[in-house]
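Here is a short tour of a ligand and its surroundings, written for someone who likes to think at the bench. Have a look at the model first, and then we can walk through it together.

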Amino acid sequence: MKKTIAIYPGSFDPLTNGHLDLIERGSKIFDELVVAILRNTEKQPLFSLQERRQMMEAMTEQWKNVRVDTFEGLMVDYATQVKASVVLRGIRAISDYEYELQMALMNRKLSPNLETVFMMPAEAYSYLSSRLVREIAQLGGSIAGLVPELVQQRLREKIDPALKFQTKKRAGKRR
Ligand code: PNS
């Protein structure tokens with residue numbers, strides 16, 4: 001029987017609990033789900049591609065049909081390369097719709113056999129975005145419950161690099 005491979009593309013800078021919620025939902029309906037992290041060329045991301053990939057791999061290892069990859073260039077070309085027939089995207093509110101519709105229709109024009117499937121994350125994450133998480137963390141607000149503990153730690157280290165040094169020193173002492 002033919003396997004349905006879906007890709008879930010995004011910047012994931014950083015990943016949030018909303019992304020994980022969608023990945024879990026996607027993993028239940030597709031045979032294989034490839035989380036495809038964009039190597040941003042226009043925007044300067046807070047986390048490097050390697051950092052984003054490492055966090056995503058750590059947080060998705062529980063789902064056996066989910067794998068993490070990175071891509072650059074056109075998303076439709078990447079989809080062809082990994083034999084995906086579906087693009088998974090999350091829609092949180094009406095405000096997402098216009099941009100997502102434009103992107104889905106443009107991708108359909110570029111690759112008519114690639115279907116975009118929209119899923120909604122849990123209501124609790126409907127106001128959550130990576131951009132707000134970055135902003136709140138950089139301004140010293142709490143992001144508990146919005147991102148996994150690992151991401152909270154990495155954000156703290158990004159904002160105060162001295163913390164990373166202290167964590168490493170403590171780990172060294174324990175060895
Ligand atoms: O998490 P984001 O930033 O909303 O994800 C946007 C993403 C990565 C899905 C989109 O920017 C994308 O597909 N970029 C790759 C380049 C491309 O194919 N552009 C044409 C889109 S119609």
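Which helix gives the most residues to the shell around the ligand? Helix 4, residues 94-110, takes that role, with four residues in the shell. Please keep in mind as you read on that this is a predicted model.

**Around the ligand**

In total, 13 residues surround the ligand, and the closest are Gly10, Ser11, Gly73, Met75 and Arg89. Sorted by class, this shell holds seven nonpolar, four polar and two charged residues.

Three of the closest residues, Ser11, Met75 and Arg89, also place an atom at a listed distance from a ligand oxygen, as the table shows.

| Residue | Atom on the protein side | Atom on the ligand side | Distance |
|---|---|---|---|
| Ser11 | side-chain N or O | oxygen | 2.7 Å |
| Met75 | backbone N or O | oxygen | 2.8 Å |
| Arg89 | polar side-chain atom | oxygen | 3.1 Å |

How much of the ligand does the protein bury? Taken alone, the ligand exposes 550 Å², and the protein buries 74% of that area.

**The pocket**

Where does the ligand sit? Its place is in the largest pocket, which has a volume of about 1400 Å³. A lining of 47 residues surrounds that space, and Gly10, Ser11, Lys43, Arg89 and Tyr99 lie nearest the centre of the pocket. Several elements give two or more residues to this lining: strand 1 (5-10), helix 1 (17-29), strand 4 (86-90), helix 4, strand 5 (115-119) and helix 5 (130-138). Helix 4 provides the largest share of the lining, nine residues. Helix 4 is thus a name to remember here, as it also gives the most to the shell around the ligand.

By class, the pocket lining has 21 nonpolar, 15 polar and eleven charged residues.

**A loop worth a look**

Now turn to the loop between strand 1 and helix 1, where Phe12 and Pro14 are both found. What kind of peptide bond joins Asp13 and Pro14? The bond is cis, with omega at about 0°. Phe12, for its part, has a phi near 50°, a positive value in a residue other than glycine. As background, most residues other than glycine have a negative phi, and most peptide bonds are trans.

Technical notes
Residues numbered from 1 in each chain as written. Predicted model: local features only at pLDDT ≥ 70, side-chain atom pairs only at ≥ 80, totals over all residues. Heavy atoms only, no water. Near = heavy atom within 4 Å. Polar contact = N/O pair within 3.5 Å; in protein donor to acceptor, adjacent residues only side chain to side chain. Areas by Shrake-Rupley, 256 points an atom, 1.4 Å probe, with all protein chains shown as cover. 1 Å grid on protein atoms, 1.4 Å probe; cavity = no way out; pocket = protein on both sides within 12 Å on 5 of 7 lines; lining within 4 Å. Sits in = over half its atoms within 2 Å of the grid points. Nonpolar A, V, L, I, M, F, W, Y, C, P; charged D, E, K, R; others polar. Points joined across faces, edges and corners; volume = space filled by probe spheres on them.
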